[in-house]
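Q: I'd like a close look at one single part of this model, with enough of the surroundings to place it. Take whichever part you like and walk me through it at atom-and-angle level.

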Amino acid sequence: MNLHHLLNARAAAGKPVRVALIGAGKFGSMFLSQVPHTPGLEVPVIVDLDPERAREACRTVGWNAERIAATIFTADAAKATSGNIEVIVEATGNPAVGIRHARAAIAAGKHIVMVNVEADVLAGPLLADEARKAGVVYSLAYGDQPALTAEIVDWARASGFRVVAAGKGTKYLPIYHDVTPSGVWSHYGLTADEARSAGMNPQMFNSFLDGTKSAIEMAAIANATGLDVPAQGLLFPPCGVDDLPHVMRPREAGGVLEKAGVVEVVSSLERDGRPVFRDLRWGVYVVLEAPNDYAADCFRQYGLKTDASGRYAAMYKPYHLIGLELNISILSAALRREPTGQPRGFRGDVAAIAKRDLRAGEMLDGEGGYTVWGKLMPAAASLKAGALPIGLAHKVKLKHDIAHGAAVRWSDVETDAGNETIKTRRAMEAKFGGTG
């Protein structure tokens, strides 16, 4: 609750928090829009594959000519780790690139805020461990749902409550798992021309729809909080905010969960496509259990929505503001040396699952593409099955046919054991072993 006070002190001392942004896409642009309105925060370096596009993004979000002129726009990621930069924001979305940038930041003694949750789920437990040993902060990105969920889990536990379930909401139907970029826009109520004119990437938006992004985010939450992953993957039960305590409780208590203490995503659509009443499509939640009768009485006395027993209640945040809230992570790292969530174990993994019958010789095209979607699995089960992580299902050739709905395994694809991303992933598996 003191970040603004601490930032004002830095500003008054003439020592602003200096940030390098890598990736000036939508998330990065939303963050940049807040920079002119945050005295004491500066972004002197912006790295992007297209520096002129990044410069134009700054104009679009309201930067004046003087601020733009004082900023380095470059495609050279090494510029991010030079000089008196304190915090690096990795917002590329590319798992391999994100891992490389994170390690460069850690080696240079810079704090790293990982917007790139794809990289975090692929190797985050190892990266966070390396950062801790180097004395710098590795952090999930506030404004994105994993960090917001980790925050309310921490609040619940610090208040003495048992966390029964935690996660987010999304728009989901079972048929979405097989949707490809060519058919994605009809599910968003857009035409392809409308999406194109808005600069919307069909593969990225399809990864939100086909369940991959939800799986990645739930794996990140599990790894950061120690919550378990459902044994058979996410259920996506239809559920509005008023019904969270009733639906998101263990089956033995009348809910849908296999047990207490898991991550789960709730759908904003009923299975027949009707909208859920008071849905949580844009938000995050935690379901908690009263530890005693007195606390349960307090739930009732202070108006919490509970299940019929009165012992399960929910707290939720109905919206997340993506990059508009990213300052919280940056300032927490720089001013408190604390992450807004970080992986501390390897509990959740995301496996590549065939969207259709795949044939030997085909190339996989990663998150949101035409060939595979990402399914959440307990890390131990993923390792036992030899499942190929979705973050490595990019431009790799199949050696075997894969049936529709089956997991792709490491042994099914051609891989280069000398590839740095694969070596990092294997090192993470060896160190953490899927045991949490």
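A: Of the 436 residues of the protein, 55% count as buried, where buried means under 20% relative accessible area, exposed means over 50%, and partly exposed is in between (1.4 Å probe, protein chains only). Bear in mind that this is a predicted model: local features need pLDDT of at least 70 and side-chain atom pairs count only at pLDDT 80 or more, while totals for chains, interfaces and linings use all residues. Residues are numbered from 1 along each chain as its sequence is written, and side-chain values use heavy atoms, with hydrogens and water left out.

The part I'd pick is strand S5, which covers residues 111-114. The protein has 15 helices and 14 strands; these are DSSP runs numbered from the N terminus, with helices being H or I of at least four residues and strands being E of at least two. In a regular strand the side chains alternate between the two faces of the sheet. Here, His 111 and Val 113 point one way, Ile 112 and Met 114 point the other way, and all are buried.

Now the neighbours. S5 runs parallel to strand S4 (residues 87-90), joined by 4 bridges; two strands pair if DSSP finds at least two bridges between them. On the S4 side, Glu 90 has Met 114 as its bridge partner. S5 also pairs with strand S6 (residues 138-140), again in the parallel sense, over 3 bridges. There, Met 114 stands opposite Leu 140. That puts Met 114 in the pairing with S4 and in the pairing with S6.

The connections are worth tracing too. S4, helix H5 (residues 95-107) and S5 make a right-handed β-α-β unit. Right-handed here means that, with the strands pointing away from the viewer, the path from the first strand over the helix to the second runs clockwise. Carrying on down the chain, S5, helix H6 (residues 117-134) and S6 make a right-handed β-α-β unit as well.

H6 also leads to the packing. Leu 364 and Val 408 touch the most other members of the largest nonpolar core, which has 71 residues. The largest share of this core, 8 residues, comes from H6. A core in this sense is a set of buried Ala, Val, Leu, Ile, Met, Phe, Trp, Tyr and Cys residues joined through side-chain atoms within 4.5 Å. There's a second, separate core of 29 residues, and its members include Leu 41, Trp 63, Ala 141 and Ala 334.

Some individual residues fill in the wider setting. Leaving aside neighbours within four places in sequence, the contacts (heavy atoms within 4.5 Å) of Leu 364 include Val 372, Val 396 and Val 408. Val 372 turns up again beside Ala 354, whose contacts beyond four places in sequence also include Trp 373 and His 404. Ala 354 sits in strand S11 (residues 348-354) and is buried, at a relative accessible area of 0%. Asp 210, in the loop between helix H9 (202-209) and H10, is buried at 0% as well; among its contacts outside four places in sequence are His 177, Lys 355 and Trp 373.

Over in helix H2 (residues 26-34) you'll find Phe 31, which has a relative accessible area of 0%. Outside its neighbours within four places, Phe 31 is in contact with residues including Leu 41, Val 43 and Ile 330.

Two backbone angles deserve a glance. Most residues other than glycine have a negative phi. Phe 236 has phi near 50 degrees and is buried at 3%. Arg 278 likewise has phi near 50 degrees, but is partly exposed at 40%. Phe 236 is in the loop between helix H10 (212-225) and helix H11 (244-247), while Arg 278 is in the loop between strand S8 (262-267) and strand S9 (284-289).

Zooming out, the C-alpha atoms fill a box of roughly 60 × 60 × 45 Å along the principal axes. Residues 24 or more positions apart account for 73% of the contacts with a separation of 6 or more.
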